[in-house]
Amino acid sequence: MRKRLPIYAVIALLAILCMPLSAAAASGYGWGYSKNKEHKLPDIGKYADMLKKYNAYYADDSGEKNVYVTFDNGYEQGYTSDILDILKKHHVPATFFVTGHYVKSEPDLVKRMVNEGHIVGNHSYHHPDFTIMSKESIQKELESLEKAVAAITDQKEMKYLRPPRGMFSKDTLKWANELGYIHVFWSLAFKDWETSKQKGWEYAFEQVKEQIHPGAIILLHTVSSDNAKALEKMIQELKRQGYTFKSLDDLVLKSKLPKAIYGL
């Protein structure tokens, strides 16, 4: 005669089977920080030690009035060409975190990003949640995207990673570091990605003006018509306030080299 599972064991099994993926990823975190209107570096609480341990960034903490512009590109809405025109006009470097879908559907724009001196960052090939994946699966996602970009541009390697949905864990930070990638989060962002709920360019402009602080890494989405219309005004306003636009390469180089050498 087959033995029956005790009722508590059955209940436990059903609970596991019905558990949502988010609960299974209890060790994962969604990126976030405490905003302030004092133009100071946002507080990231317990995340600070994790980022430091695994050489990840969310801002430049030197206190210098530098700003780093980054964009997330999952798909195209027709605004990236205009954004590139504005960046070129004002000599502003940027990093574009792209997905496999974007590289496949918009190869000419990706080529233009590289040709005009911008960095193309890794946003994964399929935009999955890394916190519920193995190291091997994450590596495949990153390497697939890197190969796709290398196949169509002169940028043959990628070193900056922005995790899909801003999801991360101690393991994903550690694994990415071991794979040679640098996590780049952000210290200034707002809800700009819903294409059907744009609020006008003034909203985007005011959000940046309100949240700006020395060392900000700004996250913008290129699908936003508001951002495209406000970008030039954002750049002009920040320059007026004394900010200098730098690339992520500048940030990492500065943090790795002694100040006396970096300043040469």
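**Cavities and an enclosed strand**

The largest cavity in this structure has a volume of about 50 Å³. The model is a predicted one, and the cavities described here are therefore features computed from predicted coordinates. Three cavities of 30 Å³ or more are counted in total.

The wall of the largest cavity is made up of Val 69, Val 208, Ile 218, Leu 220, Leu 231, Met 234, Ile 235, Leu 238 and Phe 245. In terms of residue class, this lining is made up of nine nonpolar residues, with no polar and no charged ones. Two elements, strand β8 (216–221) and helix α10 (225–240), each contribute at least two residues to the lining. The largest share belongs to α10, which supplies four residues.

The second largest cavity has a volume of about 40 Å³. Around this cavity lie Tyr 33, Lys 35, Asn 36, Lys 40, Pro 42, Ser 187 and Gln 211. Its lining is mixed in class: two residues are nonpolar, three are polar and two are charged. The lining of the largest cavity, by comparison, holds nine nonpolar residues and no polar or charged ones.

Attention may now turn to strand β3, which spans residues 94–98. Because five of its five residues are buried, β3 is largely enclosed by the rest of the structure. Burial here means a relative accessible area under 20%. The covering extends to both faces of the strand. On one side, Ala 94, Phe 96 and Val 98 are buried, and on the other side Thr 95 and Phe 97 are buried as well.

The pairing of β3 with other strands can be followed next. Strand β2 (residues 66–73) runs parallel to β3 and is joined to it by five bridges. Within this pairing, Asp 72 has Phe 97 of β3 as its bridge partner. Between the two strands the chain passes through helix α4 (residues 80–89), and the resulting β-α-β crossover from β2 to β3 is right-handed.

Strand β4 (residues 119–122) is also parallel to β3, and four bridges join the two. Here the bridge partner of Phe 97 is Gly 121 in β4. Phe 97 thus appears in both pairings, as the partner of Asp 72 and as the partner of Gly 121. This residue is also one of the two buried on its side of β3, together with Thr 95.

Notes. Residues numbered from 1 in each chain as written. Predicted model: local features only at pLDDT ≥ 70, side-chain atom pairs only at ≥ 80, totals over all residues. Heavy atoms only, no water. 1 Å grid on protein atoms, 1.4 Å probe; cavity = no way out; pocket = protein on both sides within 12 Å on 5 of 7 lines; lining within 4 Å. Points joined across faces, edges and corners; volume = space filled by probe spheres on them. Nonpolar A, V, L, I, M, F, W, Y, C, P; charged D, E, K, R; others polar. Buried < 20%, exposed > 50% of the residue type's maximum accessible area, 1.4 Å probe, protein only. Pairing = 2+ DSSP bridges. Right-handed = clockwise from strand over helix to strand, strands pointing away.
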